[in-house]
Amino acid sequence: MPTSNWTRRDFLKALGLGAVAMSLPASAEPSAKPNIVLIMSDDMGFSDIGCYGGEINTPHLDRLARNGLRFTQFYNTARCCPTRAALMTGLYQHQAGVGHMMDDRGFDSYRGNLNNNCVTIAEALQPAGYRTYMTGKWHVTRHTKPEGPKFNWPRQRGFDKFYGTIIGAGSFYDPMTLCRDNTYITPENDPEYKPENFYYTDAISDNAAKYIREHQAEAPEQPFFMYVAYTAAHWPMHAPEEEIAKYKGKFDEGYAHYRAERFKRLKELGLIDEDWELSDQAGDWEKVKHKEWEARCMEVYAAMIDRMDQGIGLIVAELRRQGVLDNTLIFFLQDNGGCAEGMGRNPRVNERWVSAIKDRTPMGPDELQPTLWPPMKTRDGQPVKGGPEVMPGPDGTYIGYGRNWANVSNTPFREYKHWVHEGGISTPLICHWPEKIKTPGRLCNEPGHLIDIMATCVDVAGATYPTEYKGHAIQPAEGVSLAPTFAKEALKERAIYWEHEGNRAVRQGKWKLVSKHPGGWELYDMDNDRTEQHDLASQHPEKVDELKSLWERWAERVGVQPWPLK
Ligand SMILES: [Ca+2]
């Protein structure tokens, strides 16, 4: 048990919350409605976690999978903001106003802000008696300044409590836009959370566990919805040294070795078909110049995921301790595929990053971190560095794990975050709900999408999806409830759509039509070739035409604009 865990536990104990919860009167009946805990991680590939074939140690997620249900064909939108917009609203991201990222691009479907014609899951569940909590990354508003406006922050979009970041990335030791409710804080000046060593992943887990304890003390008769949005394992590769040490030497065999192992395990686990071919290899380990540094990038990435898994264990343990685990529906999913971006990997990056930091005075406890990425300084005033001259992990570094490890993360699929081939959009989805999922460990092959999470939450909560909210008309939900799959029932066949940065796709039944901007359409038979190795477009022109016109009708309906935006 790392020392920091004891410190965190001491902190929770010091709050006296355990004692409050234990002193609840025996008559306080828990709610009959299920609690819902929606956990999402950031920038991880299809096969990173253990129960999806990865070599990274994730025993807590694996246990949820063993006692729950795993989807083999669940999809996100290929990118942070649009995924969060679609997840929170049950609409396609363009309909929610987040067609791209957090800038106003001049079209209503690209305002970089959730609009008023959608509701968040929290807003939809509150009228059904739910308390609502969130910890972690928000990233669905372009308004991130401490002085506001804050109308699209979590507290104003249906969450009773919020601890986390408004913006989409940043240092794990000093995240920009860290907030408690509507107030900016720093890792040093938060009166409610004072760990010995601040690490954002731990902070997200600890505060989620704290909200569960507080809920049981404050409103045990009500159900709750909690959204836990980790920033692990988005760059920068930041993790506590003791966690990284567990993975020392574990990635020395190079990219192809781990891809081959994952490919084999995915088949053994039944998550992919025996006959599918492995996508192309990215990177040749023999030609890597800084092998120790390159392996270290993946060691830190693994440590980030391991630490997140421990946090999920903490949250599950708290649910169990409060006696509500059996009637809590837990979801785990990822917001987009492994990330090939080259953040901080250029060997000459420090020429700019270090010289730009003139003022090296340490930051005061109340001083907000003004910057998402370098040039920036640590809280003790040192310039943050990148490139192979520093080993990733500590707060003085800012490095992504790069394309070749992302290719490992996305095994066996093609492409990465940003693209809508399977490597960009495929995510694990684990559903855990002991009272309702009675055939534990099962795999579900139904294609599903983020938009289905809203429909599922509304369904299991006995809520009503609104047609109007605060005087605004609300667009009809796009997704379908996944609840039938908990009882082994099939979902009705429908088409699922993607658009991000001109990358386009539609999936209907076994067919997927997909295009990598600015290229043409490719057609794949997902039953026989989910790794997208054999383009059948020229063999089935009628299917191409049919799916293409479906996609075009959808694009028009949800407000997709041609890429690049004008
Ligand atoms: Ca992401």
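**Exercise 1. In this predicted model, does aspartate 181 count as buried, exposed or partly exposed?**

Start with the number: the relative accessibility of aspartate 181 is 23%. Next, bring in the cut-offs: buried means under 20%, exposed means over 50%, and partly exposed is in between. So aspartate 181 counts as partly exposed. To find the residue, go to the loop between strand 5 (178-180) and strand 6 (183-184). While you're there, check the backbone: phi of aspartate 181 is near 55 degrees, a positive value in a residue other than glycine.

**Exercise 2. Now try glutamate 501: buried or exposed?**

First, locate glutamate 501 in the loop between strand 14 (495-500) and strand 15 (503-508). Its phi is near 55 degrees, which is positive even though the residue is not glycine. Then take the relative accessibility, 17%. The limit for buried is under 20%, so glutamate 501 counts as buried at 17%.

**Exercise 3. Which residues coordinate the calcium ion, and why is the arrangement irregular?**

Step one is to list the donors. Asp42, Asp43 and Asp335 give OD atoms, with Asp335 listed twice, while Cys80 offers SG and Asn336 offers OD1. The distances run from 2.2 to 2.7 Å.

Step two is to look along the chain, where the spacing of the donor residues reads D-D-x36-C-x254-D-N. At the end of that pattern, aspartate 335 and asparagine 336 are both buried.

Step three is the geometry. For six donors to be octahedral, opposite ones must be over 155 degrees apart and all others between 65 and 115. Here the 6 donor atoms subtend angles of 52 to 155 degrees, so the arrangement is irregular.

**Exercise 4. Where are the prolines that follow the cis peptide bonds from tryptophan 235 and from proline 374?**

Take tryptophan 235 to begin with: its bond to proline 236 is cis, with omega near 0 degrees. Proline 236 sits in the loop between strand 7 (224-229) and helix 8 (241-245). Now for the other bond: proline 374 to proline 375 is also cis, again with omega near 0 degrees. Look for proline 375 in the loop between helix 11 (349-355) and helix 12 (402-409).

**Exercise 5. What lines the largest cavity?**

Begin with the count, which is 4 cavities of 30 Å³ or more. The largest holds about 60 Å³ of space. Its lining includes Thr165, Ile167, Phe172, Tyr200, His234 and Trp235. Sort the full lining by class and you get 6 nonpolar, 6 polar and no charged residues.

Conventions:
Residues are numbered from 1 along each chain as its sequence is written. This is a predicted model: local features need pLDDT of at least 70, side-chain atom pairs count only at pLDDT 80 or more; totals for chains, interfaces and linings use all residues. Side-chain values use heavy atoms; hydrogens and water are left out. Donors are N, O and S atoms within 2.8 Å of the metal (3.2 Å for Na, K and Ca); water is not among the atoms, so sites may look incomplete. Four donors count as tetrahedral if all angles lie between 85 and 135 degrees; four count as square planar and six as octahedral if opposite donors are over 155 degrees apart and all others between 65 and 115; anything else is irregular. Buried means under 20% relative accessible area, exposed over 50%, partly exposed in between (1.4 Å probe, protein chains only). Helices (H or I, at least four residues) and strands (E, at least two) are DSSP runs, numbered from the N terminus. On a 1 Å grid over the protein atoms alone, a cavity is a set of points where a 1.4 Å probe fits but cannot get out, and a pocket is an open set with protein on both sides within 12 Å along at least five of seven lines; lining residues have an atom within 4 Å of a point. Grid points are joined across faces, edges and corners, and a volume is the space filled by probe spheres set on the points. Ala, Val, Leu, Ile, Met, Phe, Trp, Tyr, Cys and Pro count as nonpolar, Asp, Glu, Lys and Arg as charged, and the others, Gly among them, as polar.
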